[in-house]
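Me: Here's a protein I'd like to understand better. Please take a close look at its interior for me, starting from the strands, and keep the explanation connected.

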Amino acid sequence: MELVKLSINGKEVEVPAGTTILKAAEQMGVNIPRLCYDEDLSSVGACRLCVVEVKGARALVASCATAVAPAMVVETHSPAVMEARKTILELLIANHPLDCLTCEKNGDCRLQDYCYEYGVKESSFVGEKHNYEIDDSNPFIIRDNNKCILCGKCVRACAEWCVTNNIDFAYRGFNTKVTPFWDVPYAESDCLFCGNCVAVCPTGALTEKQMHTKGRRWEFEKVKTTCPFCGTGCNFDLNVKDGEVVGVTSNPTSAVNGRQLCVKGRFGWDFIYNENRLKTPLIKKDGKFVEASWDEALDLVATRFKEIKEKNGSDSFAALSSARCTNEENFLVQKFTRTVMGTNSVDHCART
Ligand code: SF4
Ligand code: SF4
Ligand code: SF4
């Protein structure tokens, strides 16, 4: 592997050829701000917040889209860079509602974080502001284009992760906005409602409807779990407040799916509070199901299994498991079938 030696903030670093300045700096523990960059999406160098100074270059360069070069000398936080970043932030908030007090993303918003870090309170670019209607047309996603900073991450997630291409930039200049084809509400578009655009949005422009007014993001305990809907086994975080699940958000450490989810996994969790859901075991007595304790139900199942095995032999028993169970649960089913019931008659609905 070809290595490239360069200097970042006066320190020498060696990284594989082709590494971006942003990644090389990250390797040294230097954090460069970024709004449009996402390591799981293609780089477009659109927001310019990651600009750095490269000795000899005629202008500041976007570190997310510039590869390192031998003997490059980079400054990531020089006065010129800091000034440029402040100006970029001021331009971004020039046409922004600054509604942090009631915004659902308050405390989990990259724009807010960077304005805080760079001391940007208000914009010196005073002018016209958009007043877009909020798209509340569907049960899953709220789209507030007034809070959109046109970073394009949602567009790329929709195109590169879902290959749906449901949204893109429309119009030009000040009127540019991200919207589905024909500028229709999400509900009238080809949207799959996977919410992957929501997962990457750095601001309050795209938010989960189910989580609205349920609390501040920092109040939610995140509990990593496995999706119960299909055999893919995606992982995500249940967001829990006061013992109640209020939403699902992606967990980037998920080995199976990364931050990608489908509509069922991200938004279908509310079945857990459905009033028709069975909460206690039922045992049939005199032809009717009656509620029973777990001890009572498990004792009955164990007794009946034992009776069947003793009377008819192990091969009178067979187990059929489900892709909706976790690997661990399926492992236990086959272990129980083979070692306790003494038969290899065990199968799974997703085997073929
Ligand atoms: S998107 Fe961010 S900066 Fe804008 S109002 Fe919401 S929290 Fe504030
Ligand atoms: S919810 Fe999914 S399909 Fe719909 S716009 Fe977002 S990423 Fe695309
Ligand atoms: S909706 Fe969010 S992710 Fe999409 S362009 Fe706007 S700020 Fe970026």
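Reply: Two strands count as paired when DSSP finds at least two bridges between them. Keep in mind that this is a predicted model. β1 and β5 (residues 73-75) meet that cut-off, with two bridges in the parallel sense. One residue to look for is Ile8, whose bridge partner in β5 is Val74.

Now zoom out to the sheet around that pair. Five strands make an open sheet, running β2-β1-β5-β3-β4, and the pairing is mixed. The edges belong to β2 (11-16) and β4 (61-62); each has a single partner strand, so one side of each has no neighbour in the sheet.

On to the interior itself. The largest nonpolar core holds 60 residues, and Cys50, Cys154 and Cys197 have the most contacts inside it. Among the elements giving it two or more residues are two strands of the sheet, β1 (3-8) and β3 (51-54), along with β6 (141-143). The helices on that list are α1 (21-27), α2 (79-94), α3 (110-117), α4 and α5. The biggest giver is α4, with five residues. As a general point, nonpolar side chains in soluble globular proteins tend to be buried together.

How does that fit the domain layout? The protein is split into domain 1 (3-77), domain 2 (218-274) and domain 3 (313-352). The core takes at least three residues from each of domain 1 and domain 2, and the centres of domain 1 and domain 2, taken over C-alpha atoms, are 34 Å apart.

Cys197 is a good place to pause. Leaving out residues up to four places away in sequence, Cys197 touches Cys154, Ala157, Cys158, Ile167 and Leu206. Cys197 also turns up beside a ligand: of the 13 residues around ligand 2, the nearest are Cys158, Cys191, Leu192, Cys194 and Cys197. Both α4 (153-161) and α5 (196-200) supply at least two residues of that shell. Sorted by class, the shell around ligand 2 has nine nonpolar and four polar residues, with no charged ones.

Cys154, for its part, leads to ligand 3. That ligand has 14 residues around it, and Cys148, Cys151, Cys154, Cys201 and Ala205 come nearest. By class, the shell around ligand 3 has 11 nonpolar, two polar and one charged residues.

To pull it together: Cys154 and Cys197 are among the residues with the most contacts inside the core, Cys197 is one of those nearest ligand 2, and Cys154 is one of those nearest ligand 3.

Technical notes: Residues numbered from 1 in each chain as written. Chains lettered and ligands numbered in written order. Predicted model: local features only at pLDDT ≥ 70, side-chain atom pairs only at ≥ 80, totals over all residues. Near = placed C-beta within 6 Å. Nonpolar A, V, L, I, M, F, W, Y, C, P; charged D, E, K, R; others polar. Helix = DSSP H or I, 4+ residues; strand = E, 2+ residues; numbered from the N terminus. Core = buried A, V, L, I, M, F, W, Y, C linked by C-beta atoms within 7 Å. Buried ≥ 20, exposed ≤ 12 C-beta atoms within 10 Å, placed from the backbone. Domains from an automatic or database assignment. Contact = placed C-beta atoms within 7 Å.
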